[in-house]
Amino acid sequence: MNVYINSVNRGKGDMEKLFSTRTVLYNLQPEGIETPYTESLSSYIARLAAIHNVSTATLLKEILEPVLTTNHIKQELLKGNNKSTLLYINENNSITLDYVQALELLTGREDLRNLTMLNWQGILCRNIMGDNRKWCPACFHQMLADSKTIYEPLIWYLNAIEKCDIHQISLRDECKKCKKKLPFIHSQLIVGYCQYCGGWLGEEVNDLEASLNDMEKFVVLNYKQLIQNTPRLKWFPSKRFISLFFRRLISEYGFSSYRSLANFFEINTPTMNNYIYGLNIPNPDVLIKIASKLNSTIYKIIYNENIEIEINVKEFNFSKRENTPLSIIESQLKGNLKLDKPKSLSKIARSTGFSIETARRHFPNLCSSVEENYLAYQEKRKAEAQTEIERILTKCLSRDIPISLTKLAEENGISIKKIRRYFPDLSKKVSLRYNSYLSEIKKRKIDFNLKEIQRVSDDLHKKGIYPSTQKVRQALDDKNVFLYKELMDGWKEKITQLGYKSRK
């Protein structure tokens, strides 16, 4: 493997020569192809690193980085920062595509885009994946029991999927042992294991704890159809598909206007206009809702031309709306001034059914009072929020066990952006304190494991057994122990002291 790393780093000329003779990485077969449980790209990368006996960090930084074309991703990897990779590795944007193309070049495969949602970027907006790994412990347990390859399916990671349809249980998103959420990519990542404590994520589950309801089954069915059929399809929808689809519904099924179509799908009219004019595409939840209203699925909507709507479309066509009486407009505006939680003028207009221009023309002073009252209410809420956030941050800094700013935000239901915007200095103190805590924990863990490696090496040596990394790892029952450079160096130093030559 080191030969390959050195070869890749020599330069473009040597890279071309290398690629012309053999692939740099093994042509590893992805798991679950042409099934609803196709492997995710992040899982594939972790398995690829493992089969080459290197860490995921080494694979990304030493092998993939020279082949990537996105400059800021290359810079992040060289600095040991995986932020963008964590967010987009399984997604459907340009960063995802860059990783796919690099991996296909290095492995000689041509099907790795099927391990992401790249093929569906025409109809699925970005950020359709969660922020961290999710998994079914029963599936992991079954894979191990059946002696099958351990891998993590793409469908687990989708925001919309919360339960396993095979075992009818909720997907886990936190290590049961160390209580941490697990990013998609990590330097110590091993599929099926926690990258922090090394704990096995599989578990035998005998009781059904969260059976899927009809809507959940429908959501799962939609994504299963898309993922399973991806390798067989010859074309995929573009960003114009949704616009053309809605226009076809209007022309073929008797909707009198964009507004009547919006009413049928229970979508507000301006949003529907944006879809029809191609300015936006529906988010995945809305897309599922549209498919449900049509008694179809996303896949069938795209690839089956015949759609049957068993509803009287005329019920959703509008006649001209009558004007709202001025007395009602005045009453709504005055009533809003008495509320503890006043509404904005635009919200009152939308809910009552009048235009802001009409209200301002007939009741200019009243409208000004409504706007001033709402602005004062917003300022009061902002001040209260700032006071509360400052209290939370100050209290956090006095906790015996520090927590991350992300965890603090989750516990209190506040966005990190808001916390950092109001109190950047306090936020930085919380983050620095937590990072120092993690560094100390890591140091303690390394010191402890180093002593254990030395102890086990001594015991094996006394028994006449060469203390290889494999033997030491087996004795410690920790698959991650030698992924830390400090521990590998400590082992080499120890076996040198025992009179052996360093070898794995």
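Which element of the protein chain has the lowest mean pLDDT, and which has the highest? The structure is a predicted model, and its elements do not share one level of confidence: helix α1 (residues 2–9) has the lowest mean pLDDT, 50, whereas α9 has the highest, 96. For the protein chain as a whole the average pLDDT is 87, and 90% of the residues score at least 70. Where pLDDT is low, the predicted coordinates should not be read in detail.

**Overall form**

The protein chain contains 24 helices and two strands. Its C-alpha atoms fill a box of roughly 95 × 60 × 55 Å along the principal axes. Of its 504 residues, 45% count as buried. When contacts between residues at least 6 apart in sequence are considered, 67% of them join residues at least 24 apart.

**The nonpolar core**

The largest nonpolar core comprises 95 residues. Those with the most contacts inside this core are Y99, W156, F246 and F265. Two of these names, W156 and F246, return below in the description of the cavities. Once neighbours within four places in sequence are set aside, F246 is in contact with L261, F265, M272, Y275, I276 and I290.

**Cavities**

Rolling a probe the size of a water molecule over the atoms shows where empty space is left. In this model, three cavities of 30 Å³ or more are counted. The table sets out the two largest of them.

| Cavity | Volume | Elements supplying at least two lining residues | Lining by class |
|---|---|---|---|
| Largest | about 80 Å³ | α11 (241–253), α14 (284–293), α15 (298–303) | ten nonpolar, no polar, no charged |
| Second largest | about 60 Å³ | α9 (154–157), β1 (163–164) | seven nonpolar, no polar, two charged |

Which residues line the largest cavity? They are I123, F241, I242, F245, F246, L287, I290, I298, I301 and I302. Helix α11 provides the largest share of this lining, with four residues. Both F246 and I290 belong to the lining, and these two residues are also in contact with each other.

The second largest cavity is lined by Y37, C139, I155, W156, I161, K163, C164, D165 and V220. Helix α9, one of the elements that supply at least two residues of this lining, is also the element with the highest mean pLDDT. By class, the lining of the second largest cavity includes two charged residues, while that of the largest cavity has none.

**Two residues with positive phi**

Two loop residues, neither of them a glycine, have a positive phi. Q168 has a phi near 55° and is found in the loop between β1 and β2 (169–170). N295 likewise has a phi of about 55°, and its place is in the loop between α14 and α15.

Are Q168 and N295 buried or exposed? Q168 counts as buried because its relative accessibility is 17%, which lies under the 20% cut-off. N295 is exposed, because its relative accessible area of 65% is over the 50% cut-off.

**Summary**

In this predicted model, F246 is among the residues with the most contacts in the largest nonpolar core and also lines the largest cavity. W156 is likewise among those core residues and lines the second largest cavity. The loop that follows α14 and leads to α15 holds N295, and both of these helices contribute at least two residues to the lining of the largest cavity.

Terms used: Residues numbered from 1 in each chain as written. Predicted model: local features only at pLDDT ≥ 70, side-chain atom pairs only at ≥ 80, totals over all residues. Heavy atoms only, no water. 1 Å grid on protein atoms, 1.4 Å probe; cavity = no way out; pocket = protein on both sides within 12 Å on 5 of 7 lines; lining within 4 Å. Points joined across faces, edges and corners; volume = space filled by probe spheres on them. Nonpolar A, V, L, I, M, F, W, Y, C, P; charged D, E, K, R; others polar. pLDDT = per-residue confidence, 0-100. Core = buried A, V, L, I, M, F, W, Y, C linked by side-chain atoms within 4.5 Å. Buried < 20%, exposed > 50% of the residue type's maximum accessible area, 1.4 Å probe, protein only. Contact = heavy atoms within 4.5 Å.
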